[in-house]
Amino acid sequence: MEQIRAAYQQEVRQDPGIPDSEAAAACRRALEAAPGDPKCLRELAFALKAQLRYREASEVFSALLAQTPFSGEVLCQRGHVYLGLRAYWQAIADFELGLRVQPEDWDCLYHTALCYYLLGDYSTAERYYARCYAASGTEEELTAVSDWYWLTLMRLGKKERADELLRAVEPGWSFGENEAYFARLMVYKGLRRAEDVLAYAEQLEDQAFCTYAYGIAYYLWAVRGEKERAQALMADIASRTQSQWGGFALQAAQAELKRGLLHG
């Protein structure tokens, strides 16, 4: 637990001695010349977020929201940093407000569902994933939501619906940046070997490895019945805290282990 706390302190960049990036420094200079300028505040918030300085970024997004309280984009972005901080209810509050402004916003729907998944409320996650799936306009978006939606349905014991979802996934989809989710989906469909995907993932940096491996770990447990192997893989994912505290797969794996979801 102490190791995890230490990683948390590092990854959310609470140490005031950590210097600004060039982008963040430039934004601060711009704000000195134009205090409260919304464009400068927005750019500073994104620069801090890029440095994983989530708490500081959330404060800047809050300052921006004081000026533009009905900005769906800013609400969604502050929700992102709260999610990175594992402040799931604060994130949900922002995403919900964002959905009041933009009811079919894919980003807000996707991340609201993810928050509920990480909280272990799979029934609520399912409702939001269903809305997100319906709002998906590209194969790239469908790739991401189909993966988490399948995991959620399997958690709920809705295998028939999960199988139906997989049948709609086409091997020729243009998955864009969601290569890891697409690889996971191909494993669930039986079109790729779990071992091949894991061998590839092992060559990657930690966050990419975790993204590939998380869905595979659940597949090994729920579909292939390889429970000890699944537990070991999930523990490996959960231990990779050095450079990606806010990673979704890392958070999910740690939640699995904390709640004992892979037992039985």
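A residue is called buried when its relative accessible area is under 20%, exposed when that area is over 50%, and partly exposed when the value lies in between. Keep this in mind on the tour, and remember throughout that the model in your viewer is a predicted one.

Begin by selecting Arg42, which has a relative accessible area of 34% and is therefore partly exposed. Now add Glu73 to the selection and look at the two side chains, which meet in a salt bridge with a distance of 2.3 Å from N to O. The two partners come from distant parts of the chain, since Arg42 sits in helix α3 (residues 38-50) while Glu73 sits in helix α5 (residues 72-84), and they are 31 residues apart. Glu73, like its partner, falls into the partly exposed class, with a relative accessibility of 36%. This pair is a salt bridge, and the structure as a whole holds 21 salt bridges.

Next, select Glu195 together with Arg224, whose side chains form a salt bridge at 2.5 Å, again given from N to O. Glu195 belongs to helix α12 (residues 194-201), whereas Arg224 lies in the loop between α13 (206-222) and α14 (227-239), so this contact ties together parts that are 29 residues apart in sequence. Both residues are partly exposed, Arg224 at 32% relative accessibility and Glu195 at 23%.

Keep Glu195 selected and add Arg229, because the side chains of Glu195 and Arg229 also meet in a salt bridge, this time at 2.9 Å from N to O. Here helix α12 is tied to helix α14, so the pair joins parts that are 34 residues apart in sequence. Arg229 counts as partly exposed, with a relative accessibility of 34%.

To see the wider setting, extend the selection to Arg193, Glu195, Asp196, Arg224, Glu226 and Arg229, which are linked in a network of salt bridges.

Finally, turn to the cysteines. How many disulfides does a search of the whole structure find? The search finds 0. Select Cys40 and Cys27 to see one reason: the closest cysteine sulfur to that of Cys40 is the one in Cys27, 6.9 Å away, which is too far for a bond, because a disulfide needs the two sulfur atoms within 2.5 Å. Cys40 itself is buried, with a relative accessible area of 12%. Then select Cys210, which is in no disulfide and whose nearest cysteine sulfur, that of Cys115, is 19 Å away. Cys210 is buried as well, with a relative accessible area of 0%.

Definitions and conventions. Residues are numbered from 1 along each chain as its sequence is written. This is a predicted model: local features need pLDDT of at least 70, side-chain atom pairs count only at pLDDT 80 or more; totals for chains, interfaces and linings use all residues. Side-chain values use heavy atoms; hydrogens and water are left out. A salt bridge is a side-chain nitrogen of Lys or Arg within 4 Å of a carboxyl oxygen of Asp or Glu. Helices (H or I, at least four residues) and strands (E, at least two) are DSSP runs, numbered from the N terminus. Buried means under 20% relative accessible area, exposed over 50%, partly exposed in between (1.4 Å probe, protein chains only).
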